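Here is a short briefing on a pocket and a ligand site. Look at the structure first, then read the points below.

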Amino acid sequence: MNKYDVIVIGGGPSGYTSAIYLGRAALSVLVLAGAQPGGQLVFTSEVENFPGFTKGIMGPDLMMAMEAQAKRFGVEVLYKEVSKVDLLKETKSVWVDETEYQANAIIVSTGATSKMIGIGEEAYVGRGVSTCAVCDAAFFKGKKTFVVGGGDAAMEDTMALLKFADEVTIVHRRDEFRASKIMQDRVLSNSKVKVMWNSEVVGVSGESKLSSIKVKDIKTGKISEQQLDGLFVAIGHVPTTKMFEGILELDEKGYLRTTMTALMRDVKWRVSEKDMWLDGFPTMTSVDGVFGCGDVVDYRYRQAITAAGMGCQAALDAEKYLTEHK
Ligand SMILES: Cc1cc2nc3c(=O)[nH]c(=O)nc-3n(C[C@H](O)[C@H](O)[C@H](O)COP(=O)(O)OP(=O)(O)OC[C@H]3O[C@@H](n4cnc5c(N)ncnc54)[C@H](O)[C@@H]3O)c2cc1C
């Protein structure tokens, strides 16, 4: 039987950071990194806001370094997808196809994926298409950009872009935004912002980089071609939690609930806020010995550094849990 102190499900910044801490604490650790080892950052080119890299670092290089750092402390890494879990017993089991792996604690760091329009724009991610304006707006200084969406995320992306881009056009399917009034007012009062109401992006093209999009007016059916430098898709995220449905408590959008996020949102939980800080486990999920970190928990910040920070918290909580349950 393959048995470890801790199994980390997910090989992104949160998973590898937790593995580094656990490996250094001399625990036996297996990372099951899934179909996308390195996580979301492998899809981006330059990362300029991860501390410690004065000239920036390529996303895949950062993730390979995190993996190597975890392996230095004896962590085992398999690029395999977990297909089934049994987390309710004291000894937890996860399966990769028919192979069972066991551990005394589990860290879930399966991340999230950005919703895409589905018109081939995925092929241009990192080459003119972005799903994260906080991450990429600075690359569009003096440029012409488009944002797709009408919720708070689209307004936030627009605000981030307005610091750099010369022009931001929002393409929205309806004739009004879903975003809060205050966000809308901020965006719409800026003279650099244009809105294409009742419209959707139906095509993308470009050679090495995205250079134009096709926008359809839903009411008239007319399609126009728009030249641009950047397209920001802000139509939401889906946390990777399907496998945990009915096993771990999820919030209304499918994000994994931990003690900290539940109490922050005033959800009735097993411990009080005071107990959580005094001797509890802020990153523990609804099941004892199962911890959550990174974008699978975080519906707000969604950054590599916040995911890594939460990975550290989950590792320290898991270590404390194992010491108490020896
Ligand atoms: C294009 C792009 C650019 C970005 N740029 C920046 C930036 O410049 N700066 C910044 O701070 N942030 C950036 N981000 C955001 C950042 O990448 C995320 O916040 C961060 O990767 C979240 O880390 P995570 O570990 O929580 O999850 P993820 O990175 O999403 O990793 C999830 C991991 O879980 C694994 N997994 C999922 N399901 C299973 C399963 N069943 N079994 C095993 N493994 C599984 C996946 O294979 C993957 O390894 C960017 C995101 C994108 C998409």
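In this predicted model, 14 residues line the second largest pocket. Nearest its centre lie V148, G149, H172, R173 and I235. A ligand is also present, with 35 residues around it.

**The second largest pocket**
- Its volume is about 300 Å³.
- Strand β14, residues 199-205, gives the most to the lining, with three residues.
- The lining has six nonpolar residues, four polar ones and four charged ones.

**Residues around the ligand**
- S14, A33, Q36, Q40 and A304 come nearest to the ligand.
- By class, the shell around the ligand holds 17 polar, 14 nonpolar and four charged residues.
- Domain 1 (2-113 + 237-324) and domain 2 (116-233) each supply at least three residues of this shell.

**Polar contacts with the ligand**
- Q40 uses its side chain: an N or O atom there is 2.8 Å from an oxygen atom of the ligand.
- V82 uses its backbone: an N or O atom there lies 2.9 Å from a nitrogen atom of the ligand.
- R302 also uses its backbone. One of its backbone N or O atoms lies 3.2 Å from an oxygen atom of the ligand.

**Cover and helices**
- On its own, the ligand has 1000 Å² of accessible area, and the protein covers 95% of that.
- Which elements give two or more residues to the shell around the ligand? They are α1 (13-24) and α8 (304-324).

Terms used: Residues are numbered from 1 along each chain as its sequence is written. This is a predicted model: local features need pLDDT of at least 70, side-chain atom pairs count only at pLDDT 80 or more; totals for chains, interfaces and linings use all residues. Side-chain values use heavy atoms; hydrogens and water are left out. On a 1 Å grid over the protein atoms alone, a cavity is a set of points where a 1.4 Å probe fits but cannot get out, and a pocket is an open set with protein on both sides within 12 Å along at least five of seven lines; lining residues have an atom within 4 Å of a point. Grid points are joined across faces, edges and corners, and a volume is the space filled by probe spheres set on the points. Helices (H or I, at least four residues) and strands (E, at least two) are DSSP runs, numbered from the N terminus. Ala, Val, Leu, Ile, Met, Phe, Trp, Tyr, Cys and Pro count as nonpolar, Asp, Glu, Lys and Arg as charged, and the others, Gly among them, as polar. A residue is near a molecule or strand if one of its heavy atoms lies within 4 Å of it. A polar contact is a pair of N or O atoms within 3.5 Å; within protein, one must be able to donate a hydrogen and the other to accept it, and residues adjacent in sequence count only if both atoms are side-chain atoms. Accessible areas come from the Shrake-Rupley method with a 1.4 Å probe; for residues, only the protein chains shown count as cover. Domain bounds come from an automatic or database domain assignment.
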